[in-house]
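Dear colleague,

I am handing over the structure we spoke about, and below it you will find what turned up when I went through it. Please read the notes with the model open beside you.

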Amino acid sequence: MFDNLSEKLQRVFKNLRGEGRLTAENMEQALREIRVALLEADVHFRVVKQFIEQVRLKAQGEEVLTALSPSQQVVKIVLDELTKMLGGHQSKLRFANEPPTVVLIVGLQGSGKTTSAAKLARVLTKEGSRPQLVSVDVYRPAARQQLAILAKQVNVPIFEGTLDQKTPLELARGARKEAVQTGRDLLLVDTAGRQHIDDRLMQELSELKEALNPTEVLFVADAMTGQDAVKSADEFHKRLGITGVILTKMDGDARGGAALSIRTVTGQPLKFVGMGEKVDALEPFHPDRVAQRILGMGDVVSLIEKAQSVIDQKDAEKMQEKLLAGDDFSLEDFRDQMKQIRKLGPLEGILKMLPGIGGLKELKDAKFDEKELTRIVAIVDSMTPKERGNHMIINGARRRRIAKGSGTSVQDVNNLLKQYGQARKMMKSFSGATGLLGKKGGKFKFPGMPGIPGF
Ligand SMILES: Nc1nc2c(ncn2[C@@H]2O[C@H](COP(=O)(O)OP(=O)(O)OP(=O)(O)O)[C@@H](O)[C@H]2O)c(=O)[nH]1
Ligand SMILES: [Mg+2]
């Protein structure tokens, strides 16, 4: 999503790298280019103006920092300002002192309120909350049904309402009562959307807000609508008072301007981003990590967290112990790592998070074949245990048999053995390093990574 911006900013820094000193001229040139890059990324012009002024001011004051090269100085300043523009630090969902915490989810039609309500319920359940969902969209016939289906998917109870509960207010009050009675500590209220902001909608939302006294009023904005999303967020905030934003459809090809402007324009933090249609595609928003990613510094922390959430910790520890003990990295280990990597999701997404690699142009156009991983698993599964234990015995005849058994070609089997050979070699050199990382980084371990061909 920030690909274009990221590429342009990195070019600015690269140009500066050639300069010996940071002068007024080369700094102005860099600022001009940064300004254009931000505007082209659809960042609100006022936000751009403020950003450039801040960077200029800082750069003038930083002449003392002689230890850093000019380009490093500018990168540091831009990184700091970008992080600030995105909100500084992560803004987590707040909880009420007295449960249940009520979260009112508002926004325009089709922005992703209902989907986000279910996603949020899922995330918060994982974090130990006991949420309850309710839809107070009494206008669109299938609206409440839609939330009921999603609620089932995320295994969270929904308040269906009784026949005499017909208005949004009645439904919301009923839901809160039930939440209290059933010991739920969180009530997520999905509201109706409108195509445009109108007085009736605002009136309804204000009444809900007054009656429920929510801890959070989250505005759901569709990133694909660019500056319109920022404008409506601002208007909702002025008329209703929001406490945070969920930016959806960040998996699309929007230029990212909304994400970069919303905090500065509304003064309210971006709390979560929607990264897909499925119920597991909601991520907390980390300003520092996103800024680092935009500047091509990778996002290793998110990658490690992601790896930790999907990779079986016990398996990873077993593997690490094995390697540290100096045991050989077998074909079976290789296959198991492939299976774990597959759980991480599309490879392109993973590669983007790695410093340096994410910015490589060749990689951006390269299509990573998920089928490749499936093929590897199939090939290893077609080997005999003896072959898996000792790849040296896999001769031509065996290769042909394995290819046939796995529905692949001898060429595929050859490729796999070559990749395995490389991974094994890397594993050997890595086994010392992984141990270090395990000790130094405490809970941060890098299971799986070294086995990926090409890493
Ligand atoms: N790609 C993608 N699609 C999303 C995301 N969030 C929501 N959607 C899709 O956007 C469409 C609208 O989502 P809803 O959750 O129904 O939106 P809503 O705001 O509740 O809509 P109304 O109730 O009609 O106002 C659906 O097709 C969702 O699957 C996201 O993060 N990424
Ligand atoms: Mg809806």
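Which backbone N or O atom lies 2.9 Å from an oxygen atom of ligand 1? That atom belongs to Lys249, and I should say at once that the model is a predicted one, so the distances here, like every other value in this message, are computed from it.

The surroundings of ligand 1 are a good place to begin. Besides the backbone contact from Lys249, the side chain of Gln146 places an N or O atom 2.9 Å from an oxygen atom of the ligand, and a backbone N or O atom of Gly276 is found 3.3 Å from an oxygen atom of ligand 1. Of the 640 Å² of accessible area that ligand 1 has on its own, the protein covers 81%. The shell around the ligand is made up of 20 residues, the closest being Gly112, Lys113, Thr114, Thr115 and Asp251. By class, this shell holds 11 polar, 7 charged and 2 nonpolar residues, and the element that gives the most to it is helix α5 (residues 113-126), with 4 residues.

Turning to charged pairs, side chains of opposite charge can pair when their charged atoms come close. The count for this model comes to 17 salt bridges, and one of them joins the side chains of Arg56 and Glu28, with 2.9 Å from N to O. This pair links distant parts of the chain, since Arg56 sits in helix α3 (residues 45-61) and Glu28 in helix α2 (residues 24-40), 28 residues apart.

As for empty space inside the protein, the count comes to 2 cavities of 30 Å³ or more. The second largest cavity has a volume of about 30 Å³, and its lining consists of Leu86, Gly87, His89, Ser91, Arg263, Pro269, Leu270 and Pro287. That lining divides into 4 nonpolar residues, 3 polar and 1 charged.

Two points of backbone geometry may also be worth a look on your screen. The peptide bond that runs from Pro99 to Pro100 is cis, with omega near 5°, and Pro100 is placed in the loop between α4 (70-85) and β1 (101-107). Asn213, a residue other than glycine, has a positive phi, near 45°, and Asn213 is placed in the loop between α8 (199-212) and β4 (216-222).

With best wishes

Key: Residues numbered from 1 in each chain as written. Chains lettered and ligands numbered in written order. Predicted model: local features only at pLDDT ≥ 70, side-chain atom pairs only at ≥ 80, totals over all residues. Heavy atoms only, no water. 1 Å grid on protein atoms, 1.4 Å probe; cavity = no way out; pocket = protein on both sides within 12 Å on 5 of 7 lines; lining within 4 Å. Points joined across faces, edges and corners; volume = space filled by probe spheres on them. Nonpolar A, V, L, I, M, F, W, Y, C, P; charged D, E, K, R; others polar. Near = heavy atom within 4 Å. Polar contact = N/O pair within 3.5 Å; in protein donor to acceptor, adjacent residues only side chain to side chain. Areas by Shrake-Rupley, 256 points an atom, 1.4 Å probe, with all protein chains shown as cover. Helix = DSSP H or I, 4+ residues; strand = E, 2+ residues; numbered from the N terminus. Salt bridge = Lys/Arg side-chain N within 4 Å of Asp/Glu carboxyl O.
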